[in-house]
Amino acid sequence: MSLIEDRIGPKYRIGEQSFTIEHMRRHDGNGMPQPHAHPFYELYYLLEGERVYSMNGQIFSARKGDLILINPHDVHTTSKGSNPGFERILIGFSPTFATGMELGICGLLPFSCSRLLRLPEAEQPEIERILLQMLQECKERRPHYEIAVRSLLAQLLIRIHRVEEVIRQSCPGPLHPMQDKISEIVTYVNRNYTEPLTLEGAANRFYISPSYLSRMFSRFTGFRFSEYLRVVRVREAQRRLLSTQERVQMIAEKVGFEHTAHFNKTFKQVTGTTPLRYRKEHR
């Protein structure tokens, strides 16, 4: 079945990058082909199926009724679970879109960390109602629909905040004996990305054969060890490009690249743009 046949509706947008929402069903279960990070918030609600989600050194098994919360610039990826088919609603919104509602002042943003939120069954119908109403507002585009979407987003974030107060310690268990070990290795990479890390070095450090580590790392995170390391470095470079006045060459060195040319090439592969253009467009 083709991607077009799987899709339930188009991706709706408010502004260029302010707000997006998309309802999709996939039968092949494919995940993100590349490590993924972006300068906006993301909410991923799973209506049906199962997904394995990797982010910030943690690996989660998402099931029907789960909500993934993702902060800007956090690296994440998805891969298929035991059942490859799934249906989800995905929302993206910029910090400026949320700023208009003073959500940061209210303590609703940013999320304390990017993570999976396992919603109680009693909460799921109301969450789904809000999401479907957002889709309807964007589809019909009646007068003042942008304000209606902002209001619905605020309602959604308030409900998320209230649920978190009740189930802060809720966390899905491991899927495989190696899952915790891979999470430990991902955390090690996140903390030591400025060093000359290699798959072989990580394998020796954690007493795993390189070939087995390569297979398990790809299985649980959705990308190869070297790919993940590159994206973690680029994620930090993105942060420095927006929060400092440092030159590109200095940033490249600080995030673990020996040569600026290699940094520029890798940055464009991961983000689709150059470091200087990224700084200009997102500042």
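**Strand and helix packing in a predicted model**

Q: At what angle do helix α3 (residues 124-140) and helix α4 (residues 145-166) pack?
A: This is a predicted model. In it, the axes of α3 and α4 lie 9 Å apart. The two helices pack at an angle of about 165°.

Q: Are α3 and α4 roughly parallel or roughly antiparallel to each other?
A: Their packing angle is about 165°. Angles over 145 degrees count as roughly antiparallel. The two helices, α3 and α4, are therefore roughly antiparallel.

Q: Is the crossing of α3 and α4 left-handed or right-handed?
A: The contact draws on residues of α3, including I127, I130, L131 and M134. From α4 come, among them, V149, L152, L153 and L156. The crossing of the two helices is left-handed.

Q: How many nonpolar residues has the contact of α3 with α4?
A: Charged residues take part, including E126 and R129 of α3 and R159 of α4. By class, the contact has four charged and two polar residues. Its nonpolar residues number eleven.

Q: How many residues of strand β7 (residues 86-93) are buried?
A: F86, R88, L90 and G92 point one way from β7, and all are buried. E87, I89, I91 and F93 point the other way, and they are buried too. The strand is largely enclosed by the rest of the structure, because its buried residues number eight of eight.

Q: Which residue in β7 is the bridge partner of R25?
A: Strand β2 (residues 19-26) and β7 run antiparallel. Eight bridges join them. In β7, R25 has as its bridge partner E87.

Q: Which residue in β7 stands opposite Y45?
A: Strand β3 (residues 41-55) pairs with β7 in the antiparallel sense, over eight bridges. One bridge partner pair is G49 with F86 of β7. Opposite Y45 stands I89.

Q: How many of the 15 residues of β3 are buried?
A: β3 pairs with β7 over eight bridges. β3 also pairs with strand β5 (residues 66-70) over four bridges. The strand β3 is mostly covered, and the buried count is 13 of 15.

Q: Which residue in β4 is the bridge partner of E50?
A: β3 and strand β4 (residues 58-63) run antiparallel. Six bridges join them. The partner of E50 in β4 is R63.

Q: Which residue in β6 stands opposite S54?
A: β3 pairs with strand β6 (residues 76-80) in the antiparallel sense. Five bridges make up this pairing. Opposite S54 stands T77.

Methods: Residues are numbered from 1 along each chain as its sequence is written. This is a predicted model: local features need pLDDT of at least 70, side-chain atom pairs count only at pLDDT 80 or more; totals for chains, interfaces and linings use all residues. Side-chain values use heavy atoms; hydrogens and water are left out. Axes are lines fitted to C-alpha atoms, for helices over the stretch in contact, and angles run from 0 to 180 degrees between N-to-C directions. Angles under 35 degrees count as roughly parallel, over 145 as roughly antiparallel, 65 to 115 as roughly perpendicular and the rest as oblique. A crossing is left-handed if the near helix is turned anticlockwise from the far one by less than a right angle, and right-handed if clockwise. Contact means heavy atoms within 4.5 Å. Ala, Val, Leu, Ile, Met, Phe, Trp, Tyr, Cys and Pro count as nonpolar, Asp, Glu, Lys and Arg as charged, and the others, Gly among them, as polar. Buried means under 20% relative accessible area, exposed over 50%, partly exposed in between (1.4 Å probe, protein chains only). Two strands pair if DSSP finds at least two bridges between them.
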